[in-house]
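Reader: Could you take me through the helix packing and the ligand surroundings of this model, and say what each descriptive term rests on?

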Amino acid sequence: MAGLLDGHVAAVTGGGSGIGQGICQAYAREGARVIVLDIDSAGARETVGLIAAAGGKASAMTLDVTDRRACNAIAVEVASSGSISILVNNAGINRRNPITADKAAVAKDWDDIMSINLDGMFNVTHAFLDQLRATKGRIVNIGSIQSFVHVTWPNSAAYTTSKHGVLGFTRSLAAELGKDGVRVNAIGPGMIETKINAEARTRNPEMVATVMRHTPLGRPGKPEDVAGPAVFLASDLAAYVTGSIVMADGGFRSI
Ligand code: NAP
């Protein structure tokens, strides 16, 4: 049976863990050749192993998205075996300190979160832009419910600000690149069980309960709950969808 992404080449940042790993697996299942980009080389290799075991095509490359020169170099290296037609900007971190916490810690959180969640998204997109324009490609950026709200469980203003920025970047690029046939969308996950929140979930079960009370579907999400919308947005099923954010949040934002 034909896959929804047959013939596509997809690069996924942060593809070595959690949501990124789920998206890589789903893209490969739908026929894409997947380039797994992650600062965590072992994680990227693990994703490639999972895809290969399921009969898909993938390769791993180590990349720190904050390193602009490395992003440009990777794009050149990737192009030598074929331009990408799908880019998923997924790499991201969170640190949960209130703005009133220790000044040095809060300033470091701000710098690190902005450099990965926002500068990283720019660096990778800019590096692959020529390829994406040449292939009339698709960009999927991973936002959050915090692209809209600052939730009251332990979190940081830096993370909320960065995820609002993801939405702004998505809309700006959709407006500018539509004429080139490039579609740019975002996904807004709710609470998805991954490494990024594993410690917070263990340390603070009341936080999970609070989120679930506000989640109509009544359960935390899994990476595959985000992978489905990511396949849709990258596929021709979404041929007339750009500048949008699809919420994968169990309904959190709707109530
Ligand atoms: P995750 O399991 O921690 O995966 C993130 C991956 O990104 C990790 O492999 C991480 O490597 C990698 N990474 C970190 N810094 C990087 C860098 N500078 N360059 C390249 N890769 C880097 O977290 P996740 O939950 O899947 O998060 C994926 C995205 O979803 C993030 O943008 C996050 O903000 C967003 N999101 C998650 C949730 C949720 O509830 N899980 C909700 C809303 C949005 P290391 O482990 O080595 O740092």
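Author: What follows is a set of questions about helix pairs and the ligand, each answered from the values. This is a predicted model, in which local features need pLDDT of at least 70, side-chain atom pairs count only at pLDDT 80 or more, and totals for chains, interfaces and linings use all residues. Residues are numbered from 1 along each chain as its sequence is written, and side-chain values use heavy atoms, with hydrogens and water left out.

Reader: Why are H1 and H8 called oblique to each other?

Author: Helix H1 (residues 18-29) and helix H8 (residues 223-234) pack at an angle of about 50 degrees, with their axes 8 Å apart. Angles under 35 degrees count as roughly parallel, over 145 as roughly antiparallel, 65 to 115 as roughly perpendicular and the rest as oblique, and H1 and H8 are therefore oblique. Axes here are lines fitted to C-alpha atoms, for helices over the stretch in contact, and angles run from 0 to 180 degrees between N-to-C directions. Helices are DSSP runs (H or I, at least four residues), numbered from the N terminus.

Reader: How do you know which residues in H1 and H8 meet?

Author: Contact means heavy atoms within 4.5 Å, and on the H1 side Gly18, Ile19, Gly22, Ile23, Ala26 and Tyr27 meet Pro223, Val226, Ala227, Ala230, Val231 and Ala234 in H8. By class, this contact has 10 nonpolar, two polar and no charged residues, where Ala, Val, Leu, Ile, Met, Phe, Trp, Tyr, Cys and Pro count as nonpolar, Asp, Glu, Lys and Arg as charged, and the others, Gly among them, as polar.

Reader: What makes H3 roughly parallel to H4?

Author: Helix H3 (residues 68-79) and helix H4 (residues 103-134) pack at about 30 degrees, with axes 9 Å apart, and that angle makes H3 roughly parallel to H4. The residues of the contact of H3 with H4 divide into nine nonpolar, three polar and one charged.

Reader: Why is H4 called roughly parallel to H5?

Author: The axes of H4 and helix H5 (residues 157-177) come within 9 Å and cross at roughly 15 degrees, which makes H4 roughly parallel to H5. The contact of H4 with H5 has 14 nonpolar, five polar and three charged residues.

Reader: What makes the approaches of Val65, Lys163 and Lys195 to the ligand polar contacts?

Author: A polar contact is a pair of N or O atoms within 3.5 Å; within protein, one must be able to donate a hydrogen and the other to accept it, and residues adjacent in sequence count only if both atoms are side-chain atoms. A polar backbone atom of Val65 is 3.0 Å from a nitrogen atom of the ligand, while polar side-chain atoms lie 2.9 Å from a ligand oxygen for Lys163 and 2.6 Å from a ligand oxygen for Lys195.

Technical notes. Helices (H or I, at least four residues) and strands (E, at least two) are DSSP runs, numbered from the N terminus.
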